[in-house]
Amino acid sequence: MKVSNIRLALPTVILAISFSAAARAETANTADFSKQALQAKIDYCKTCHGVSGQGFHGSTPIPRLAGQQTEYLENQLKAFIERRRENKYMYNVAHVLSPTMQAALAKHFHDLNPKPLGGAPKELVAAGKKVFEEGFPDAQVPPCASCHGPEAKGDGAFPRLAGQLHDYIFNKLVNWSSERGQDAAHPDTSAIMQPIAHNLTKSQIAAVAAYLNYQE
Ligand code: HEC
Ligand code: HEC
């Protein structure tokens, strides 16, 4: 896919951003749950995502949620619920959460800041930094930093990648087209990453994932 197609997808991002801003404005007045109910949900999320939301390297990697952008977190919960994003665990977890509960959970995890779990092969980090900062212009891969931010902290619908588990990042980029944007009638923000994920080789992905794994 060409850069022009990436631009075509951008209005979707803007729509998603203004939609979640409206949802947050609602949250202020209409909490439909008690503090205890929120804490019970948080404790439940942490049984898989780690006590500080730092993620967990298990048989399937469970992503870090700590420090993640609230808009991105809310977008993903909605994507699981609406089956635009395919995952056998997270549909069951998410579809029972009210919109206000989703917003409260997103805020909780956004505010956490544990150290990255680490564990990626250190010898790939230097090559990965180059991928992140420069991309591959000849292969239609813009610098990751141009969207995810120079320190990989993300912004709004663009996720934080800093400190994310390398094995999670690797799996997501390799399987992008079969997991994200699964409702052709309702294209979403995942369309922006699709050509980029597609145009990266597995060794380029392993390198950039190792670099991101150690970023704080
Ligand atoms: C049974 C384990 C389990 C529980 C409990 C769980 N999750 Fe997850 N979660 C996962 C797995 C596994 C993934 C990775 C899915 C994938 O690979 O696409 C995930 C992914 C996510 C993502 C996407 C993150 C990203 O970077 O795109 C969000 C957001 C999320 N979970 C939020 C929550 C919240 C909020 C709760 C509590 C209400 C929760 N999860 C409870 C297993 C769990
Ligand atoms: C044109 C902007 C853009 C560029 C350039 C870009 N990304 Fe993304 N990326 C996004 C958006 C938007 C999302 C969120 C997609 C969604 O909502 O499903 C995303 C999501 C991701 C995710 C999923 C995060 C998660 O927690 O599941 C990973 C991993 C990722 N990008 C890695 C990269 C890497 C590595 C590069 C550079 C090779 C890169 N991105 C370049 C816009 C971009």
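## Notebook: rings, irons and cysteines

Started with a charge over a ring: Arg83 sits over the face of Tyr91, and I get 3.6 Å to the ring centre. I keep in mind that this is a predicted model.

**Iron of ligand 1.** I looked up which protein atoms hold the iron atom of ligand 1. The donors are NE2 of His49 and SD of Met90, lying 2.0 to 2.3 Å from the metal. I then went through the angles among the 6 donor atoms; they run from 87 to 179°, and the site is octahedral. Next I placed the two residues on the chain. His49 is in helix H2 (residues 35-49) and Met90 in helix H4 (residues 90-94), so this pair ties together parts that are 41 residues apart in sequence. I checked burial too: His49 has a relative accessible area of 10% and is buried, and Met90 counts as buried at 16%.

**Iron of ligand 2.** Here I asked myself which residues are the protein donors of the iron atom of ligand 2. They are His148 through NE2 and Met193 through SD, lying 2.1 to 2.2 Å from the iron. Helix H7 (residues 145-148) carries His148 and helix H10 (residues 190-199) carries Met193, so the pair joins parts 45 residues apart in sequence. The angles subtended by the 6 donor atoms span 83 to 179°, which makes this arrangement octahedral. As for accessibility, I note His148 as buried at 8% and Met193 as buried at 18%. The cut-off for buried is under 20%, so Met193 at 18% still qualifies.

**Aromatic pairs.** How many aromatic pairs does the structure hold? I find 1. Phe132 and Tyr211 make up the pair, with 5.7 Å centre to centre and 45° between the planes, and I log it as tilted. The two rings come from distant parts of the chain: Phe132 from helix H6 (residues 125-134) and Tyr211 from helix H11 (residues 202-213), 79 residues apart. Are these rings buried or exposed? Phe132 is buried at 0% relative accessibility, and Tyr211 is buried at 6%.

**Cysteines.** Last, I searched the whole structure for disulfides and got 0. I still looked at how accessible two cysteines are. Cys45 comes out at 16% relative accessibility and counts as buried. Cys144 comes out at 19%, and I put it down as buried as well, because the limit is under 20%.

Key:
Residues numbered from 1 in each chain as written. Chains lettered and ligands numbered in written order. Predicted model: local features only at pLDDT ≥ 70, side-chain atom pairs only at ≥ 80, totals over all residues. Heavy atoms only, no water. Donors = N, O, S within 2.8 Å, 3.2 Å for Na, K, Ca; no water. Tetrahedral: all angles 85-135°; square planar, octahedral: opposite > 155°, others 65-115°. Helix = DSSP H or I, 4+ residues; strand = E, 2+ residues; numbered from the N terminus. Buried < 20%, exposed > 50% of the residue type's maximum accessible area, 1.4 Å probe, protein only. Disulfide = S-S within 2.5 Å. Phe/Tyr/Trp six-rings, centres within 6.5 Å; stacked < 30°, edge-to-face > 60°. Lys NZ or Arg CZ within 6 Å of the ring centre and 35° of its normal.
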